[in-house]
Every structure is written in structure tokens, then in C-alpha cells.
Amino acid sequence: MYTAGSEPFDIWEGKDRSSQEYKDFKRERASILWDAIERIIPDIRSRVEVEVYASPQTHQRFLRRHRGTYGPALAAGGSLFGFLPLPEVPQPGVLSPIPKLLRCGDSVFPGVGVPAVAASGAIAASTLAPLPKHLGLMWDVSQQQNKFWKAAGGKEQWLASTPSPFHPATGGGAEFMTPDQYYNSENKKKTVATIGKKGLVNAREERR
């Protein structure tokens, strides 16, 4: 759940990150997200196992973002594609004014979020090398993978003999279970924590 990217920085500026007031304020500002999700999943708070609250100060400190913001700087007003309430001016692309310097990430097209940022990286990679070269690299990787499976006695044997939460040797992983088998909130606790000067701090357990 996320709102820190669109939070006004003024209400956070100058707050002591180590104070209880700051920790409580983060929870207060996150309540709108809980309220929205509870409309669909009424018992969501009892089902969450880990809560970590952040703020624009978190962005500013750990990501070095100006005033804790993120994403491209788009001016208010106008429309995108003729109907979305976004500017007609497109977001910055992977090309930069400096020759041979490409950029990717949340500040360029297609924008914020892991899928969008990954897409910007793919666009940058495709700009550097044509599609046939990418396909050739994928072919080389697949051949190396096949060699590995062959040396290990086959893919199925490797999966059956190698400990992994997704491929346990004896079966019984989450992919073989129904929700009532791997989720039971009775008498269980969730971990609540905040991010401080030394990383994850003030972690505590609360009953779910």
C-alpha cells in the first residue's frame, strides 16, 4: 500500500524521525489506505503479517529524492491521449541530451512502479542493442541452462533433490496447499516496524 509518493512534503518537513510523534503520524497518514482496502477485505488488518510505514522523509533520506517525491515531473492541467487528466507533453524517454547516455527508472516513460520501471529498462536495453541481439543472448542462456540440467541429471531430478520452499523434495509446499491450510490467524502475531537511522527499527509483535 502506498501514498508517500503523493504526500505533501511540507507536513513532514522538520519532523524528528526518531520521535513517537513521527511514527504515529505515519500510521495516521496511512489510515486512508487501510480504510479503502477494508471496503473490499474487511478483515485485512488481522491478516497482515508485516507492517512497515514510510514517508516522504524516507524517500528523501534513503533514495535521495528531492523533497521525498518520485516519478516524472508532470505539470497539472491538460490531458493525456486526449482524455486522461494528464499533460499532453509525454514523459521523458530513455534518451538523454548527452550522446550515448541513456536513462531508465521511475522518472521516465512509462513511469512509476516495478513493472513500469522494468519496462523502461527493457526499452533502454533495446535502444542499445537491436532485438535480434537480445534473442541471440536468450538463446545462449537457454543453451547454458540445458547444459546445466543435463549435468544435474535432468530438470525434474534437480527440482526433486534440491531444497526449496517452492519445490520441496517431499512435496507439501504452498503451491500444493489450499488457503485454509497455509493461513490461520488464530493465536498468531504480526510484526510491525519502522525505518530508522539504522534501517529497520522499533520492531514489535502485535496479535493479528
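Trp 12 is buried, and Phe 25 is buried too; here buried means under 20% relative accessible area, exposed means over 50%, and partly exposed is what lies in between, with a 1.4 Å probe and protein chains only. The model you are looking at is predicted, so local features need pLDDT of at least 70 and side-chain atom pairs count only at pLDDT 80 or more, while totals for chains, interfaces and linings use all residues. Residues are numbered from 1 along each chain as its sequence is written, and side-chain values use heavy atoms, with hydrogens and water left out.

Let us stay with the aromatic rings for a moment. A search of the whole structure turns up 3 aromatic pairs. Rings of Phe, Tyr and Trp (for Trp, its six-membered ring) pair if their centres lie within 6.5 Å; planes under 30 degrees apart count as stacked, over 60 as edge-to-face, and the rest as tilted. Trp 12 and Phe 25 make a tilted pair, with 4.7 Å from centre to centre and 55° between the planes. This pair links distant parts of the chain, 13 residues apart: Trp 12 sits in the segment before H1, and Phe 25 in helix H1. Tyr 22 joins Trp 12 and Phe 25 in one aromatic cluster. Phe 25 also has a charge above it, since Lys 15 lies over the face of its ring, at 4.7 Å from the ring centre. The criterion for that is NZ of Lys or CZ of Arg within 6 Å of the ring centre and within 35 degrees of the ring normal.

Now step back to the whole chain. The protein chain has 7 helices and 3 strands, and from the N terminus on its elements run α-α-β-α-α-α-α-α-β-β. Helices (H or I, at least four residues) and strands (E, at least two) are DSSP runs, numbered from the N terminus. Of the 208 residues in the protein chain, 22% are buried. Among contacts between residues at least 6 apart in sequence, 42% join residues at least 24 apart, where contact means heavy atoms within 4.5 Å.

How confident is the prediction, and where? The mean pLDDT of the protein chain is 75, with 65% of residues reaching 70 or more; pLDDT is the predictor's confidence in each residue, from 0 to 100. Among the elements, helix H1 (residues 20–38) has the highest mean pLDDT, 90, and helix H7 (residues 179–182) the lowest, 48. Over residues 166–179 the pLDDT is below 50, and this stretch has 14 contacts in the model beyond near neighbours in sequence.

Next comes the nonpolar interior. In soluble globular proteins, nonpolar side chains tend to be buried together. The largest nonpolar core here has 5 residues, namely Ala 30, Trp 34, Ile 44, Val 48 and Tyr 53. Such a core is a set of buried Ala, Val, Leu, Ile, Met, Phe, Trp, Tyr and Cys residues joined through side-chain atoms within 4.5 Å. Leaving aside residues up to four places away in sequence, Ile 44 touches Trp 34, Ile 37 and Glu 38.

Tyr 53 belongs to strand S1 (residues 50–53). Its relative accessible area is 10%, so Tyr 53 counts as buried. The side chains of Tyr 53 and Glu 51 are joined by a polar contact of 2.6 Å. A polar contact is a pair of N or O atoms within 3.5 Å; within protein, one must be able to donate a hydrogen and the other to accept it, and residues adjacent in sequence count only if both atoms are side-chain atoms. Tyr 53 and Arg 29, 24 residues apart in sequence, are 9.6 Å apart in space, C-alpha to C-alpha.

Finally, some backbone details. Most residues other than glycine have a negative phi, and most peptide bonds are trans. The peptide bond from Phe 109 to Pro 110 is cis, with omega near 5°, and Pro 110 is in the loop between helix H3 (56–62) and helix H4 (114–128). Arg 67 has a positive phi, near 55°, and is also placed in the loop between H3 and H4. Lys 100, in the loop between H3 and H4, has a positive phi of about 70° although it is not a glycine. At 84% relative accessibility, Lys 100 counts as exposed, while Arg 67, at 32%, counts as partly exposed. In helix H4 you will find Ile 123, which touches Val 94 and Phe 109, not counting residues up to four places away in sequence.
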